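Me: I'd like to learn how to read a model like this one. Could we start with the ligand and work outwards?

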Amino acid sequence: MNTPELLRTHRLVPVVVLDDAASAEPLADALATGGLPIAEVTFRTPAAAEAIARMAAHGGVTVGAGTVTTPDQVDAAVRAGARFVVSPGFSAAVVRRCQEHGIFVLPGASTATEVMTAIEAGVTVLKFFPAGSSGGAAAVSALSAPFRQVSFVPTGGIDADSAAEYLALPSVLAVGGSWMVPRAAIAAGEFDRVADLVAASVAAVAR
Ligand code: 3PG
């Protein structure tokens, strides 16, 4: 399955911050157990690249790199075995490097100008970020009107309750967020709790 198909199938992207790469395997197991075999591991901690490599080698989940803001991080993500790259904003250099590697890129956009810049770069699946404080589902709906060819993955400030409003929009492929993979729970080794949170979110989306 390619990344857009994966997003359309699962409709949720867990955004992960890992403080210790040793959490990679138990987290992958918790995600798979919870029924959501996908993860965006953010380049916000020094453990990110190793965690991506360990999750990719472990199997069972499709792992991507998040918070990628430089072409060098794109290279590191690809080297680690990431299957997709997510960026909080739109950087032509980041997108170009992803296109050179042939890796799926999900850059951020929250304005019509940013959407147009992305379309010019050949990108039509965008992370709407930060979703909650950029106008929420109403803003995604308004942005979708002039850009029928664009799909969005709203992320930022979303939780199990607000996810449904975004997912009801035809232009929304999936929503992302950290609510089902709390950093503190991962750091504390509470992987059963993570699996339960993931399963509850999967069940909520299925309703
Ligand atoms: C991201 O990088 O996508 C966001 O920080 C996730 O946002 P959230 O923590 O509000 O879900």
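Reply: Sure, let's begin with a polar contact, meaning a pair of N or O atoms within 3.5 Å; within protein, one must be able to donate a hydrogen and the other to accept it, and residues adjacent in sequence count only if both atoms are side-chain atoms. Here a polar side-chain atom of Ser178 sits 2.6 Å from an oxygen atom of the ligand. Taken alone, the ligand exposes 310 Å², and the protein buries 80% of that. Those areas come from the Shrake-Rupley method with a 1.4 Å probe; for residues, only the protein chains shown count as cover.

Me: What should I keep in mind about the numbers themselves?

Reply: This is a predicted model, so to speak of local features we need pLDDT of at least 70, and side-chain atom pairs count only at pLDDT 80 or more, while totals for chains, interfaces and linings use all residues. Residues are numbered from 1 along each chain as its sequence is written, and side-chain values use heavy atoms, with hydrogens and water left out.

Me: Which side chain puts an N or O atom 2.6 Å from an oxygen atom of the ligand? And which residue has a backbone N or O atom 2.7 Å from one?

Reply: The side chain is that of Lys127, and the backbone atom belongs to Gly157. For the surroundings, call a residue near if one of its heavy atoms lies within 4 Å of the molecule or strand in question. The residues around the ligand are Val15, Arg44, Lys127, Phe129, Thr155, Gly156, Gly157, Gly177 and Ser178.

Me: Phe129 is on that list. What is the peptide bond from Phe129 to Pro130, cis or trans?

Reply: It's cis, with omega near -10°. Pro130 lies in the loop between strand 7 (125-128) and helix 7 (136-144). Helices (H or I, at least four residues) and strands (E, at least two) are DSSP runs here, numbered from the N terminus.

Me: How do I read a helix against the rest of the fold?

Reply: Start with the general idea: an α-helix has 3.6 residues a turn, so residues three or four places apart point the same way. Then look for buried residues: buried means under 20% relative accessible area, exposed over 50%, and partly exposed in between (1.4 Å probe, protein chains only). In helix 2 (residues 24-34) the buried ones are Ala24, Leu27, Ala28, Ala30, Leu31 and Gly34. Seen down the axis of helix 2, they fall within an arc of 160°, so they line one face of the helix. The arc is that of the directions from the helix axis to the C-beta atoms.

Me: What do the buried residues of helix 2 pack against?

Reply: They pack against strand 1 (12-16), strand 2 (38-42), helix 3 (48-58), helix 9 (183-187) and helix 10 (191-206). Contact means heavy atoms within 4.5 Å. Right after helix 2 comes Gly35, whose phi is positive, near 90°.

Me: Is there a general rule for what sits in a core, and which residues touch the most other members of the largest one here?

Reply: In soluble globular proteins, nonpolar side chains tend to be buried together. We define a nonpolar core as a set of buried Ala, Val, Leu, Ile, Met, Phe, Trp, Tyr and Cys residues joined through side-chain atoms within 4.5 Å. The largest one has 74 residues, and Leu27, Met55, Val175 and Val181 touch the most other members. Its largest share, 5 residues, comes from helix 2. Leaving aside neighbours within four places in sequence, Leu27 contacts Val16, Leu18, Met55, Val181, Ile186, Phe191 and Val194.

Me: Where are the positive phi values outside glycine, for instance at Arg11 and Thr67?

Reply: Arg11 has a phi of about 65° and sits in the loop between helix 1 (3-10) and strand 1. Thr67, with a phi of about 55°, lies in the loop between strand 3 (62-66) and helix 4 (71-80).

Me: Is Thr67 buried or exposed?

Reply: Thr67 counts as buried because its relative accessibility is 17%, whereas Arg11, at 23%, counts as partly exposed.

Me: What does the side chain of Thr42 reach at 2.8 Å?

Reply: The side chain of Thr42 reaches the backbone oxygen of Val16. Thr42 is in strand 2 and is buried, at 0% relative accessibility. Setting aside neighbours within four places in sequence, Thr42 touches Val15, Val16, Val17, Ala48, Gly66 and Thr67.
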